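Please find below my comments on the model you sent, set out as numbered points. They move from the whole chain to single residues.

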Amino acid sequence: MEMSGIVSAVVIGAVIGFLGRLVAPGRQRIGLLRTVLVGIVAALVGSALAVGLGVADTRGTDWIEWLIQIALAAVGVTALDRAMSRR
């Protein structure tokens with residue numbers, strides 16, 4: 001993977017993570033780095049899921065893929081917050 005691919009994955013992951021954090025109910029007590037990491041994982045898994053469902057390649061903006069990624073990020077942020085609060 002080239003440097004530009006890594007940078008774009010981090011940027012997209014950060015956006016997805018923060019949007020997921022906005023959608024997640026309540027206050028999350030996880031940091032910036034964990035939010036970005038959850039976003040990166042959600043973006044990758046969401047893209048793979050969108051390909052599997054056949055909604056990844058559409059004309060224009062892939063809104064369904066974005067919604068899948070944001071929903072996964074919201075679930076990931078909530079799950080990580082709950083797991084960390086049990087410590």
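The points that follow take up the overall fold, the surface, the charges and a few residues in turn.

1. The coordinates come from a predicted model, and the remarks below should be read with that in mind. Within this model the protein chain holds 3 helices and 0 strands, and the order of elements along the sequence is α-α-α.

2. On overall dimensions, the radius of gyration of the protein chain is 13 Å, which agrees with the value near 12 Å that a compact globule of 87 residues would have. When the C-alpha atoms are laid out along the principal axes, they fill a box of roughly 45 × 30 × 20 Å. Both descriptions can be kept side by side in the text.

3. On packing, 65% of the contacts with a separation of 6 or more in the protein chain are between residues 24 or more positions apart. Buried residues account for 32% of the 87 residues, while the accessible surface of the protein chain amounts to about 5900 Å², with 68% of that area belonging to carbon and sulfur atoms.

4. On charge, the protein chain carries 8 positive and 5 negative side chains, and the centres of these two sets are 20 Å apart. As a general matter, side chains of opposite charge can pair when their charged atoms come close. How many salt bridges does the structure hold? The count is 1 salt bridge, and the pair concerned is Arg 29 with Asp 81, whose closest N and O atoms are 4.0 Å apart. This pair links distant parts of the chain, since Arg 29 sits in the loop between α1 and α2 (32-53) and Asp 81 in helix α3, 52 residues apart. Asp 81 has a relative accessible area of 9% and is therefore buried.

5. Glu 65 deserves a separate comment. It is found in helix α3, which covers residues 63-85, and its relative accessible area of 12% is why Glu 65 counts as buried. Which side chain of opposite charge is nearest to Glu 65? That side chain is Arg 59, at 15 Å, and Glu 65 has no salt bridge although it is buried. Setting aside neighbours within four places in sequence, the residues in contact with Glu 65 are Gly 46, Ser 47, Ala 50 and Ala 56. Along the chain, Thr 78 is 13 residues from Glu 65, and the C-alpha atoms of the two are separated by 20 Å.

6. Asp 57 can be set beside the two acidic residues already discussed. Its place is in the loop between α2 and α3, and with a relative accessible area of 76%, over the 50% cut-off, Asp 57 is exposed. The C-alpha atoms of Asp 57 and Ile 12 lie 18 Å apart in space, although the two residues are 45 residues apart in sequence.

7. Two residues of helix α1 may be described together. Ser 8 lies in this helix, which runs over residues 3-23, and Val 7 is found in helix α1 as well. Are these residues buried or exposed? Ser 8, at 35% relative accessibility, counts as partly exposed, and Val 7 counts as partly exposed at 44%. From C-alpha to C-alpha, Ser 8 is 20 Å from Arg 21, with their positions 13 residues apart in sequence, whereas Val 7 is 24 Å from Thr 58, a residue 51 residues apart from Val 7 in sequence.

Conventions
Residues are numbered from 1 along each chain as its sequence is written. This is a predicted model: local features need pLDDT of at least 70, side-chain atom pairs count only at pLDDT 80 or more; totals for chains, interfaces and linings use all residues. Side-chain values use heavy atoms; hydrogens and water are left out. Helices (H or I, at least four residues) and strands (E, at least two) are DSSP runs, numbered from the N terminus. The radius of gyration is taken over C-alpha atoms; the globule rule is 2.2 Å times the number of residues to the power 0.38. Buried means under 20% relative accessible area, exposed over 50%, partly exposed in between (1.4 Å probe, protein chains only). Contact means heavy atoms within 4.5 Å. Accessible areas come from the Shrake-Rupley method with a 1.4 Å probe; for residues, only the protein chains shown count as cover. Lys and Arg count as positive and Asp and Glu as negative; His and the chain ends are not counted. The place of a charge is taken as NZ of Lys, CZ of Arg, CG of Asp or CD of Glu.
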